[in-house]
Amino acid sequence: MSGDRKRGDYVLQDWVDRWTQQQIGFHKGRPNEMLVKHLDKMLNDRSEIKILLPLCGKAMDIKWLYDQGHTVVGVECAEQALQEFFQENNVEYLVEKVDKIEGKLYKSLDGRVRLYCCDFFKFTDDVETDFQGVYDRGALVAINETDRERYAVLMTSLLGSDCCYLLQAYDYDPLKYQGPPHYLSEMDIHKLFEAKCRIKQLDVRDALSENLRNEWGLDKFDEKVFLIQPK
Ligand code: SAH
């Protein structure tokens, strides 16, 4: 463990271990309700667009977007998650080596689902770029705070000029719980993206559950959704 690693900070192996031990409380057995509610803002009257899901896990969002004709590109470090995605959703797939990055590509036979098994920080705009949509749930809030700036720089390089990027963030007392998901404020989001993007808050909802009260000791847990678009 490095000297400056804080409580709540993870290294990649911690995530891989969570998948092996099936400690995946973040995984929902249905498409995320905020995505369903705000998909129209991402689409902006377009159909069959190319959407990035960073740190995608085996989210049902992948299949839900794919079923609507979109091309879905995900990046996930735990190979188990990608195998489970294809098996559980009965999508036929193949696995390829990727020359430009250290990692593998899991892709559906029709090529419209492409899930890269690699560290997101090793992903580059040589592999895939010009995304028209991004759905960021459990991604920017999952990484360590010290990695946020390089995440924003990389993410910005992947956005097409017409991209509509939906970002989900959480507002809670970080002294009570250290994450992940980490606390991410509106001011943090502005600091990370405002040089190159416009930022608008679309939604906020009280997402405090008995579980979060008891297990994380929280008395507030707001889920917020932001729309980020290149200037
Ligand atoms: N977006 C998904 C998963 C959220 S949990 C959902 O909504 O269900 C965060 C996921 O990111 C985990 O599956 C973890 O294995 C993966 N992950 C964490 N750090 C990563 C990194 N640096 N590169 C790629 N994947 C990463």
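Contact here means that heavy atoms lie within 4.5 Å of each other, and buried describes a residue with under 20% relative accessible area. In these terms, and in a model that is predicted, the buried residues of helix α6 pack against helix α5 as well as against the strands β7 (159-171), β8 (197-206) and β9 (222-230).

The buried residues of α6, which spans residues 186-193, are D188, I189, L192 and F193. Around the helix axis they cover an arc of only 110 degrees, which puts them on the same side of α6. The face that is turned away from this buried side carries M187 and K191, both of them exposed. For K191, which has its place in helix α6, the relative accessible area is 61%, and because a value over 50% counts as exposed, the residue falls into that class. Measuring from C-alpha to C-alpha in the model, K191 and G133 are 21 Å apart in space, while 58 residues separate them in sequence.

Among the elements packed against the buried side of α6 is α5, a helix formed by residues 148-158. The axes of α5 and α6 come within 9 Å, and they cross at roughly 55 degrees. That angle makes α5 oblique to α6, because it lies neither under 35 degrees, where helices would count as roughly parallel, nor in the range of 65 to 115 degrees that counts as roughly perpendicular. The crossing of the two helices is right-handed. On the side of α5 the contact is made by R148, E149, A152, M155 and T156, and on the side of α6 by D188, L192 and F193. Taken together, the residues of this contact divide into 4 nonpolar, 1 polar and 3 charged. Three residues of α6, namely D188, L192 and F193, thus appear both in the contact with α5 and in the list of buried residues of their helix.

A one-sided arrangement of buried residues is also found in helix α1, which comprises residues 12-20 and whose buried residues are W15, R18 and W19. Seen down the axis of α1, these residues fall within an arc of 100 degrees, so they line one face of the helix. The elements against which they pack are the strand β2 (71-76) and the helix α4 (79-88). Following α1 in the chain is Q22, a residue whose phi is positive, near 55 degrees.

Methods: Residues are numbered from 1 along each chain as its sequence is written. This is a predicted model: local features need pLDDT of at least 70, side-chain atom pairs count only at pLDDT 80 or more; totals for chains, interfaces and linings use all residues. Side-chain values use heavy atoms; hydrogens and water are left out. Axes are lines fitted to C-alpha atoms, for helices over the stretch in contact, and angles run from 0 to 180 degrees between N-to-C directions. Helices (H or I, at least four residues) and strands (E, at least two) are DSSP runs, numbered from the N terminus. Angles under 35 degrees count as roughly parallel, over 145 as roughly antiparallel, 65 to 115 as roughly perpendicular and the rest as oblique. A crossing is left-handed if the near helix is turned anticlockwise from the far one by less than a right angle, and right-handed if clockwise. Ala, Val, Leu, Ile, Met, Phe, Trp, Tyr, Cys and Pro count as nonpolar, Asp, Glu, Lys and Arg as charged, and the others, Gly among them, as polar. Buried means under 20% relative accessible area, exposed over 50%, partly exposed in between (1.4 Å probe, protein chains only). The arc is that of the directions from the helix axis to the C-beta atoms.
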